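I opened a new structure today and kept notes as I went. The entries follow in the order I looked things up.

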Amino acid sequence: MGVIAIYPGTFDPVTHGHTDLIERGARLFDRIIVGVASNPSPSKRPAFTMDERLAFIRTALAGVPNVEVASFNTLLVDFVREREAQVILRGLRAVSDFEYEFQLASMNRQLRPGVETVFLTPSEQYAFISSSLVREVAALGGDVSRFVHPDVAAALTERVRRKQ
């Protein structure tokens, strides 16, 4: 069966920073499951539907054979158990990410002791990219094509056009 890692997030939208981490993680683990959180929290209403987010990720990672994409709406550790994964893969863009990620990893270890969290840093050219920044740049009419897959850039551009 090998080592299965879950890379969780809302991916709203998936960026080159996300795909960089997933591609690099795919070289380290036998299988990576990109877990797309439905995120029912009102403070984080997704710009894209779950189906759109899943499709964007599948398109962006079409050339990576050991990657699976699935949605979940449970605790992450329950999704990890359900998928029989041993590792949670997380990205650290900056030192400011560390404290929050450390707390998450500690809580997940308390809830599911057998699961390890592994952190990767993005390639330098992607370290500043976040989904929220990409959405903001797009909303203000900026070109996001360097930061996301062409399908995502087109969808963001279309959303801005429709709102005007």
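**Entry 1: the core**

I began with the largest nonpolar core, which has 34 residues; Ile32, Val34, Val36, Ile57, Val67 and Val144 touch the most other members. Several elements each supply at least two residues of this core. Among them are strand S1 (4-9), helix H1 (16-28), strand S2 (31-37), helix H2 (50-60) and strand S3 (67-72). Strand S4 (87-91), helix H5 (131-139) and helix H6 (150-163) are also on that list. I noted that this is a predicted model.

Next I noted a second, separate core of 12 residues, including Ile33, Leu76, Val80 and Ile88. In soluble globular proteins, nonpolar side chains tend to be buried together.

Which residues does Val34 touch, leaving out those up to four places away in sequence? I listed Tyr7, Phe11, Ile22, Ile57, Leu61, Val67, Glu68, Val69 and Ala70.

**Entry 2: aromatic rings**

I counted 5 aromatic pairs. One of them is Phe72 with Phe79, and this pair is stacked. I wrote down 4.5 Å centre to centre and 15 degrees between the planes. Both Phe72 and Phe79 are buried.

**Entry 3: a surface patch**

Then I turned to the surface. Leu75, Met107 and Leu111 form a nonpolar patch there, with about 300 Å² of accessible area together. I found Leu75 in the loop between S3 and helix H3 (76-82).

Asp78 has its place in helix H3. Is Asp78 buried or partly exposed? Its relative accessible area is 30%, so I put it down as partly exposed. I also checked Asp78 against Leu111: they are 33 residues apart in sequence and 9.1 Å apart in space, C-alpha to C-alpha.

**Entry 4: two buried charged residues**

I located Glu101 in helix H4 (residues 95-111). Why does Glu101 count as buried? Its relative accessibility is 7%, and the cut-off for buried is under 20%. Leaving out residues up to four places away in sequence, Glu101 touches Arg90, Gly91, Leu92 and Phe119.

Arg90 sits in strand S4. Arg90 is buried too, at 16% relative accessible area. With sequence neighbours up to four places away left out, I noted its contacts with Tyr7, Pro8, Leu21, Glu101, Leu104, Thr117, Val118, Phe119 and Leu120.

**Entry 5: salt bridges**

How many salt bridges does a search of the whole structure find? I got 11.

I looked at Asp12 and Arg135, whose side chains meet in a salt bridge at 3.7 Å, N to O. This pair links distant parts of the chain, 123 residues apart. Asp12 lies in the loop between S1 and H1, and Arg135 in helix H5. Asp12 is buried at 4% relative accessible area, whereas Arg135 is partly exposed at 28%.

I then took Arg24 and Asp20, with a salt bridge of 3.0 Å, N to O. Both lie in helix H1, 4 residues apart, about one turn of the helix. Arg24 counts as partly exposed at 22% relative accessibility, and Asp20 as buried at 9%.

My last salt bridge was Arg31 with Glu68, where the closest N and O atoms are 3.4 Å apart. Arg31 is in strand S2 and Glu68 in strand S3, so the pair ties together parts 37 residues apart in sequence. Arg31 is partly exposed, with a relative accessible area of 30%. Glu68 is partly exposed as well, at 26%. I closed with the network: salt bridges that share partners join Arg31, Glu68, Glu82 and Arg83.

Notes:
Residues are numbered from 1 along each chain as its sequence is written. This is a predicted model: local features need pLDDT of at least 70, side-chain atom pairs count only at pLDDT 80 or more; totals for chains, interfaces and linings use all residues. Side-chain values use heavy atoms; hydrogens and water are left out. A nonpolar core is a set of buried Ala, Val, Leu, Ile, Met, Phe, Trp, Tyr and Cys residues joined through side-chain atoms within 4.5 Å. Buried means under 20% relative accessible area, exposed over 50%, partly exposed in between (1.4 Å probe, protein chains only). Contact means heavy atoms within 4.5 Å. Rings of Phe, Tyr and Trp (its six-membered ring) pair if their centres lie within 6.5 Å; planes under 30 degrees apart count as stacked, over 60 as edge-to-face and the rest as tilted. Patches are made of residues with over 30% relative accessible area and no salt bridge: like charges are joined within 9 Å, nonpolar side chains (Val, Leu, Ile, Met, Phe, Trp, Tyr) within 5 Å. Accessible areas come from the Shrake-Rupley method with a 1.4 Å probe; for residues, only the protein chains shown count as cover. A salt bridge is a side-chain nitrogen of Lys or Arg within 4 Å of a carboxyl oxygen of Asp or Glu.
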